[in-house]
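Welcome! Here is a short guided walk through a protein model, written for someone meeting it for the first time. Have a look at the sequence and the structure, then read on.

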Amino acid sequence: MHDIWNPWHGCIKCSEGCQNCYMYFLDRVCMTSDFFLEAADGWREEAWEIMRQRPDVKFFLLTKRPQRVRDCLPEDWGEGWENVMLNVTCENQRRADERIPVLLDLPFKHKGIMCAPFIGAVSIEKYLGLRAD
């Protein structure tokens, strides 16, 4: 695993994939938070500023809350920054169908899907080849 920076700590469970969240076992690298967690709203602008100042560093944002992303982006975001990637987690088909369409509609240059923790089958076939313009 590469160096990890997480500007805040903690998360609030929001879906069935959170029930036995493996990320809590990785707590020593402060990975138990969601960048778009409501409780992080007060810290997020400072985190964006650090990302803005460090275009040489790749920032990997992971969320189960893609519906909050657009309202949490900085004013100068435009179509996204080269050094920031957004991933949504999809622990089962229900959550994939809920979160992937939102992800596809968001202004990020780099997007991905993390199927974890797997608690049910996930097919992303219908999303392959789709491009949000």
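Two strands count as paired if DSSP finds at least two bridges between them. With that in mind, a first example: Phe 60 stands opposite Met 85 in E2. Please remember throughout that this is a predicted model.

## The overall plan

The protein chain holds three helices and three strands. Followed along the sequence, these elements come in the pattern α-β-α-β-α-β.

The chain has 133 residues, and 41% of them are buried. Its accessible surface is about 8,100 Å², with 54% of that belonging to carbon and sulfur atoms. Consider the contacts between residues at least 6 apart in sequence: 76% of them join residues at least 24 apart.

## The sheet

The three strands form an open sheet in the order E1-E2-E3, and their pairing is parallel. E1 and strand E3 (110–114) are the edge strands, each with a single partner strand, so one side of each has no neighbour in the sheet. On average, neighbouring strands of this sheet are turned by 25° against each other, direction ignored. As general background, strands of a sheet pair through backbone hydrogen bonds, either parallel or antiparallel.

Now for the individual pairings. E1 and E2 run parallel and are joined over five bridges; E2 and E3 also pair in the parallel sense over five bridges. Thr 63 stands opposite Val 88 in E2. Leu 62 has Asn 87 in E2 as its bridge partner, and Asn 87 in turn has the bridge partner Gly 112 in E3.

How many of the six residues of E2 are buried? Five of them are, and E2 is mostly covered. E1 shows two faces: Phe 59, Leu 61 and Thr 63 make up the covered one, while Phe 60 and Leu 62 make up the uncovered one.

## Helices around the sheet

Helix H3 (residues 93–104) packs on the sheet, where H3 touches E2 and E3. The direction of H3 makes about 175° with that of E3.

Helix H1 (residues 41–53) has four buried residues to look for: Arg 44, Ala 47, Trp 48 and Met 51. These residues lie on the same side of H1, because they cover an arc of only 105° around the axis. A general rule helps here: an α-helix has 3.6 residues a turn, so residues three or four places apart point the same way. On the other side of H1, Gly 42 and Gln 53 are exposed. What covers the buried residues of H1? The cover includes strand E1 (59–63), helix H2 (69–72) and strand E2 (84–89).

## Two buried loop residues

Loops can hold buried residues too, as Asn 83 and Glu 91 show. Asn 83 sits in the loop between H2 and E2. This residue has a relative accessible area of 6%, and buried means under 20%, so Asn 83 counts as buried. Leaving aside residues up to four places away in sequence, Asn 83 touches Met 51, Arg 54, Pro 55, Val 57, Lys 58 and Phe 59.

Glu 91 belongs to the loop between E2 and H3. Is Glu 91 buried or exposed? With 0% relative accessibility, Glu 91 counts as buried. Again leaving aside residues up to four places away in sequence, the residues touched by Glu 91 include Ser 15, Glu 16, Lys 64, Arg 99, Pro 117, Phe 118 and Val 122. Gly 17 is also among the residues that Glu 91 touches. Although Glu 91 and Gly 17 are 74 residues apart along the chain, their C-alpha atoms are separated by 5.6 Å.

## The cysteines

How many disulfides does the count give? The count comes to zero. In general terms, a disulfide is a covalent bond between the sulfur atoms of two cysteines. For Cys 90, the closest cysteine sulfur is in Cys 115, and the two sulfurs are 5.5 Å apart, too far for a bond. The cut-off for a disulfide is a pair of sulfur atoms within 2.5 Å.

Cys 90 counts as buried, at 0% relative accessibility. Cys 72 is buried as well, with a relative accessibility of 11%.

Terms used: Residues numbered from 1 in each chain as written. Predicted model: local features only at pLDDT ≥ 70, side-chain atom pairs only at ≥ 80, totals over all residues. Heavy atoms only, no water. Buried < 20%, exposed > 50% of the residue type's maximum accessible area, 1.4 Å probe, protein only. Arc of directions from axis to C-beta. Contact = heavy atoms within 4.5 Å. Axes fitted to C-alpha atoms, helices over the stretch in contact; angles between N-to-C directions. Areas by Shrake-Rupley, 256 points an atom, 1.4 Å probe, with all protein chains shown as cover.
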